[in-house]
Amino acid sequence: MEATLSRTPLFERHVAHGARMVPFAGYEMPVQYAGVIEEHKAVRADAGAFDVSHMGELHVDGPTAQSFLQAVLSNDIDRLDDGGAQYTLLTNETGGIVDDLIAYRLGLGQFYLVVNASNRAAAYEWLKEREPRGCEVRDASEEYGLVAVQGPRTLERLGLAEAPAFTHAMGELDGIEVMVARTGYTGEQGVELCCPAEETGALWDAVLARGVTPCGLGARDTLRLEVCYPLHGNDITPETDAISAGLGWACALETEFTGAETLRRIKAEGPARKLVPFVMEERAVPRQGMPIEGGGEVTSGTHSPMLDVGIGMGYVPAASATPDVGLVIDVRGKARHARVVRKPIYRKES
């Protein structure tokens, strides 16, 4: 018997808006409305809205919360002030990535973590099992709705002032109190708006009424891949380490956290393989799991709406992980040529 899929507070609005719904991370989620390419280009040129209420939200509070997170997360959370946010990794003893997440400091001893929907239970259990005295880890995912608005006209559309990336503050949008986080997953300027679950519908309506295009998971995936943001479960997993994945920048290796010693060793010795971005040089669309000649494998692949070519990321032997190196990918039984490029794959013309 199949498990029942959960629904976000915006499910009925997605259906009414004509979205095509698909199962994702245990939820029924919109994969597209008008179409992936249209939605993708709306975000690159104007502003698009995504329902990300399926993401997990954890509170970690108490006198020992900061020292606890410093010991289990890869980045240096001691550097965060109130109103700050940080991309970081929850790592295991071998330096593998249990989850990649954003940590927000709300106040002294008060932290809010946004974790991947598919890892909500794993991240919560990992932290709860290690929770020290003087700290409480609480899964508050059902209490919140989350709407991401991304694109160069986001602030104009929402009537928001400029603010530094990776900060957050309480604000208001058309009478709805929201936490405005200057974070996102598209490579564009934008915000993620958090509000009580029961107010998510009103928030979504207010955002769309301001001329923002509703977007689904399809565009979210093509957007993040153009700018080489990793997807947990594809590009990074508990079996892949942060150094090989090119996420050493999110690891404060001078501090002590779970797996730090292993990661320091991998960095010193050099990883055997590396995650690289690539562009196809022939008409072909790479997909996850396709073999790369020489012992590599594609972890994410799609057709880029902005570049009109196949693009992707994959692990290759370290010797092949240099920009302009040619790759040969088995695309449905046919050898297709690709080229390693620098991050990001897509750059806006200045």
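Where is Ala 25 found? Ala 25 sits in the loop that runs between strand S1 (20-24) and S2. The model shown in these views is predicted.

**View 1. Ala 25 takes a positive phi in the loop after S1.** Ala 25 is not a glycine, yet its phi is positive, about 50 degrees. The loop in question joins S1 (20-24) to S2. Buried or exposed, or something in between: where does Ala 25 fall? Its relative accessible area is 31%, so Ala 25 is partly exposed.

**View 2. Met 21 lies in strand S1.** With a relative accessible area of 22%, Met 21 is partly exposed. The cut-off for buried is under 20%, so Met 21 does not count as buried at 22%. Beyond its neighbours within four places in sequence, Met 21 is in contact with Phe 11, His 14 and Val 15. Its other contacts of this kind are Glu 28, Met 29 and Pro 30. Val 298 is 277 residues from Met 21 along the chain, and the two C-alpha atoms are separated by 26 Å.

**View 3. The structure holds one cavity of 30 Å³ or more.** The space in the largest cavity is about 30 Å³. Which residues line the largest cavity? The lining consists of Met 29, Pro 30, Phe 50, Asp 51, Cys 215, Gly 216, Leu 217 and Arg 220. At least two lining residues come from each of strand S2 (27-32), strand S3 (48-51) and helix H7 (217-226). By class, five lining residues are nonpolar, one is polar and two are charged. Met 29 and Pro 30, both in this lining, are also among the contacts of Met 21.

**View 4. The largest nonpolar core has 24 residues.** Which of them touch the most other members? They are Leu 89, Ala 242, Leu 247, Cys 251 and Leu 263. Strand S5 (85-91), helix H8 (260-269), S14 and strand S17 (310-317) each supply at least two residues of this core. Ala 242 gives a closer look at the packing. Leaving aside neighbours within four places in sequence, Ala 242 is in contact with Leu 89, Leu 247, Cys 251 and Leu 263. Gly 95, Ile 97 and Gly 248 complete that contact list. A second, separate core has 22 residues, including Ala 19, Val 191, Leu 208 and Val 212.

**View 5. Helix H6 (residues 200-209) is largely enclosed by the rest of the structure.** Why is H6 described as largely enclosed? Seven of its 10 residues are buried, so the rest of the structure largely encloses this helix. The buried residues in H6 are Thr 200, Gly 201, Leu 203, Trp 204, Ala 206, Val 207 and Leu 208. Leu 208 also belongs to the second core. After H6 comes Gly 211, with a positive phi near 90 degrees.

**View 6. Cys 194 and Cys 195 are in no disulfide.** A search of the whole structure finds zero disulfides. For Cys 194, the nearest cysteine sulfur is that of Cys 195, 6.6 Å away. For Cys 195, the nearest is that of Cys 194, again at 6.6 Å. A disulfide needs sulfur atoms within 2.5 Å, so this pair at 6.6 Å does not qualify. Cys 194 counts as buried at 8% relative accessibility. Cys 195 is buried too, with a relative accessible area of 1%.

**View 7. Val 279 lies in strand S14 (residues 273-280).** At 11% relative accessibility, Val 279 counts as buried. What is Val 279 in contact with, leaving aside its neighbours within four places in sequence? Its contacts are Val 309, Gly 310, Ile 311, Ala 338, Arg 339, Val 341 and Ile 345. Val 340 is 61 residues from Val 279 along the chain, with 6.6 Å between their C-alpha atoms.

**View 8. Two backbone features flank strand S19 (334-340).** Arg 332 lies in the loop between strand S18 (326-331) and S19. Its phi is near 50 degrees, a positive value in a residue other than glycine. Arg 332 is exposed, with a relative accessible area of 65%. Pro 344 lies in the segment after S19. The peptide bond from Lys 343 to Pro 344 is cis, with omega near -10 degrees.

Note on methods
Residues numbered from 1 in each chain as written. Predicted model: local features only at pLDDT ≥ 70, side-chain atom pairs only at ≥ 80, totals over all residues. Heavy atoms only, no water. Helix = DSSP H or I, 4+ residues; strand = E, 2+ residues; numbered from the N terminus. Buried < 20%, exposed > 50% of the residue type's maximum accessible area, 1.4 Å probe, protein only. Contact = heavy atoms within 4.5 Å. 1 Å grid on protein atoms, 1.4 Å probe; cavity = no way out; pocket = protein on both sides within 12 Å on 5 of 7 lines; lining within 4 Å. Points joined across faces, edges and corners; volume = space filled by probe spheres on them. Nonpolar A, V, L, I, M, F, W, Y, C, P; charged D, E, K, R; others polar. Core = buried A, V, L, I, M, F, W, Y, C linked by side-chain atoms within 4.5 Å.
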